[in-house]
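The following paragraphs lead the reader through a structure, chain by chain. Please keep the coordinates open while reading.

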Amino acid sequence: MTATTPSTSTAAVRDGEAPASGPGRRRTPRKRTARQRELGACGALMTPFFLLLLTVFLIPVGGAVYLSFFSQDQPGLGFGPERTVFAGFRSYEAVLSDPTFLSSLATTGLYCLIYIPLIAVLALAIALLLDSGAAKLRRTAQLSLFLPHAVPGIIAAIIWLYLYTPGLSPVVDLLNKGDIDINFLGVNTVLPSIVNIAVWSNLGYNVVIFYAALQAVPREVLEASVVDGAGPVRTALQVKVPLVRPSAVMVVMFTLIWSLQLFTEPMLLSQSTRVVDSRFTPNMYIYDAAFTRANYGLAAAASVILLVIIIALSYAVSRWSNRANTPEEAAQ
Amino acid sequence: MSAATQGPSSLRPRLLGRTAVNAFVGLSVLYTLLPVMWLLLASTKNRDALGRSDLLSVSDFSLFSNLSDLFATEDGIYGRWYVNSLLYAVVGALLGSLISVACGYAFDKYRFRHKEKLFGLVLAGVMVPPTVLALPLYLMASEAGMVNTFWAVFIPVLFNPFGVYLGRIFSQGYVPNEVLEASRVDGAGELTTYFRVSLRMLGPGLVTVFLFQLTAIWNNFFLPMVMLSDQKLFPVSLGLYVWNSEAVTTPDYYPVVIMGSLLAILPLIAAFLLLQRYWKSGLTAGSVK
């Protein structure tokens, strides 16, 4: 049989072209080579996606950066055409010195500090329990836990808002009967209430991720741990947990990226409680700046700042996980 | 009991531990299920019974009157929202998953310059929040006269970079390179091979990407909120948001919002139950690798 590698040699690969150039660009009168046919097909398969990437991703990102450096000036009393003026870092200065933006950042930071450790530990604990062999009905449990993931964020927020609302909620009713009077939408309780909605929505999703990773732990490793005399708890904490660290890093990273974009739940709660104002989170601040105040420069600058924060924190998480990995690998 | 002789079975905890484990798992299952149960029960209650919060009484069963109220409120606009959501989500996810999987397949099977750099660009798409894109997208759509049209929501939701990532992984796993070689030897064109042979092998992966994208589009709330002002174009999510703001002042809207929410989660729950093995493979492909 001939070799199973694609029929072209590496030399032919080197003069290959970028995929977006489309089929037949380098067509010559003579028959096209196999390599050119492959590149043509490759281009055809990739072009639709890269067109989307260009129009709904690259151009808008560029647009956001551009807008953040310009501002619209209306000459005179707002008559005449708008002029776009280069504003330098003025919008950035305005955003960073705006106390409402800084407090939205602080709110989101606090939210992350409560939510991320809570969901990561809970999801890992439940996955370990399911994996321990002691839990019954594992499939049913996983499926039930996953169910809220199929509930759209806005509807999860509606359900919980009603469960927080006195007069509608059997929970509040029950607590009142036991002489406990909690306002779930008060100044100090609203953030934990939002965390609860997010935990409810995403717990099962992360349990499934951890559980799948635990199932992939080689059986020999676990048997070795038993031979060494480790009990189930020690096996779980000292053998299984370190082995699923890549999944944990992924869970923390995605949860972080999503948490920084918090929007839907507080937006809905803001309809019912004054504690959540229209600039409660950075995303709500951006929405408010762009579509309520029509200050595009301010909204774009806030968007770019949020983007930079997300990229920096994701980078920090991946660096931290790499560094944490190294000594262990060296020890092996 | 000696661990060494009992083997892995002694990993199982004793009876007390077992009870505690099951109690903890049981509690967390209750935590996730009860709110959905509440939604189900609340949908059978009229406004007065809702206020009394005696959910288990069967005396005032008004599921059907709530249903007819839902489709009668504001000239039955809810039906319209539902159809819109189905269009955005089903058609969008179908087209979007085909586009992403094709691209992921090309990333796996072909070699070209700067491949990993381009792939990095794709992955960057996963990280950028929709709000960063929303304002420039809105301005672009407004230049093109597309604000407040179906397309303003439909085109951006097609973009699914995570689908490309999954597509590449599935292509590695499901489509052996030997199959492509055999097809080339037979003289079949590259694209013919893709559509006749590879796409079939990618079937389960395609369903997974479709399911994830369906969920994402059905859940989408921010983009329609930015792009649409005509209520007739709203998806269910945005419509319920507007109705909920009405409910704050007009409590008559509560039963309709509850009924509308219940109907809105049914298609996704059905999809997840029917296609269980697909989303599981998608989650594991995304995590273990």
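How far apart do the end C-alpha atoms of residues 108-130 of chain A lie, and what are the percentages of helix and strand in the span? In this predicted model, the end C-alpha atoms of that span are 32 Å apart, and its residues are 100% helix and 0% strand. The span is one of several in chain A that UniProt, in an unreviewed entry, lists as "transmembrane region"; the record gives residues 39-69, 108-130, 142-163, 243-263 and 296-317. Residues 243-263 of chain A can be examined in the same manner: the chain there is 76% helix and 0% strand, with 34 Å between the end C-alpha atoms.

Chain A as a whole contains 14 helices and 2 strands. Of its 332 residues, 42% are buried. Among the contacts in chain A with a separation of 6 or more, 67% are between residues 24 or more positions apart.

One helix of chain A merits attention in its own right. Helix H8 of chain A comprises the 26 residues 190-215. At 1.5 Å a residue, H8(A) should span 38 Å, and because its end C-alpha atoms are 37 Å apart, the expectation and the model agree. H8(A) nevertheless has a kink of about 40 degrees, centred on Asn202(A). As for its surroundings, 20 of the 26 residues of H8(A) are buried, so the helix is largely enclosed by the rest of the structure.

The domain assignment divides chain A into domain 1, residues 29-86, and domain 2, residues 90-331. Their C-alpha centres lie 33 Å apart. The contact between them takes 7 residues from domain 1 of chain A and 9 residues from domain 2 of chain A. On the side of domain 1 of chain A that touches domain 2 of chain A, helix H2 (34-68) and strand S1 (70-73) of chain A each supply at least two residues. H2(A) provides the largest share of that side, 4 residues. By class, this side of domain 1 of chain A has 4 nonpolar residues, 3 polar residues and no charged residues.

Chain B is likewise assigned two domains, domain 1 (1-38) and domain 2 (69-287). The centres of these two domains of chain B, taken over C-alpha atoms, are separated by 37 Å. For chain B, an unreviewed UniProt entry places the feature "domain: ABC transmembrane type-1" at residues 82-275. That span of chain B is 81% helix and 0% strand, and its end C-alpha atoms lie 22 Å apart.

The "transmembrane region" annotation of chain B, also from an unreviewed UniProt entry, covers residues 21-41, 86-107, 119-139, 145-166, 206-228 and 253-275. Among them, residues 145-166 of chain B are 68% helix and 0% strand, with end C-alpha atoms 34 Å apart. Residues 253-275 of chain B are 96% helix and 0% strand, and there too the end C-alpha atoms are 34 Å apart.

It remains to consider how the two chains meet. How many residues does the contact take from chain B and from chain A? Chain B gives 86 residues and chain A gives 93 residues. On the side of chain B that touches chain A, helix H2 (residues 15-42) of chain B contributes the most, with 14 residues. That side of chain B divides into 56 nonpolar, 21 polar and 9 charged residues.

Terms used:
Residues are numbered from 1 along each chain as its sequence is written. Chains are lettered from A and ligands numbered from 1 in the order in which they are written. This is a predicted model: local features need pLDDT of at least 70, side-chain atom pairs count only at pLDDT 80 or more; totals for chains, interfaces and linings use all residues. Domain bounds come from an automatic or database domain assignment. Two residues are in contact if their C-beta atoms, placed from the backbone, lie within 7 Å. Ala, Val, Leu, Ile, Met, Phe, Trp, Tyr, Cys and Pro count as nonpolar, Asp, Glu, Lys and Arg as charged, and the others, Gly among them, as polar. A residue is buried if 20 or more other C-beta atoms lie within 10 Å of its own, exposed if 12 or fewer, and partly exposed in between; C-beta atoms are placed from the backbone. The expected span of a helix is 1.5 Å times one less than its number of residues. The bend at a residue is the angle between axes fitted to the seven residues ending there and the seven starting there. UniProt positions are given in the numbering used here, feature names are shortened, and annotations may be inferred rather than shown by experiment.
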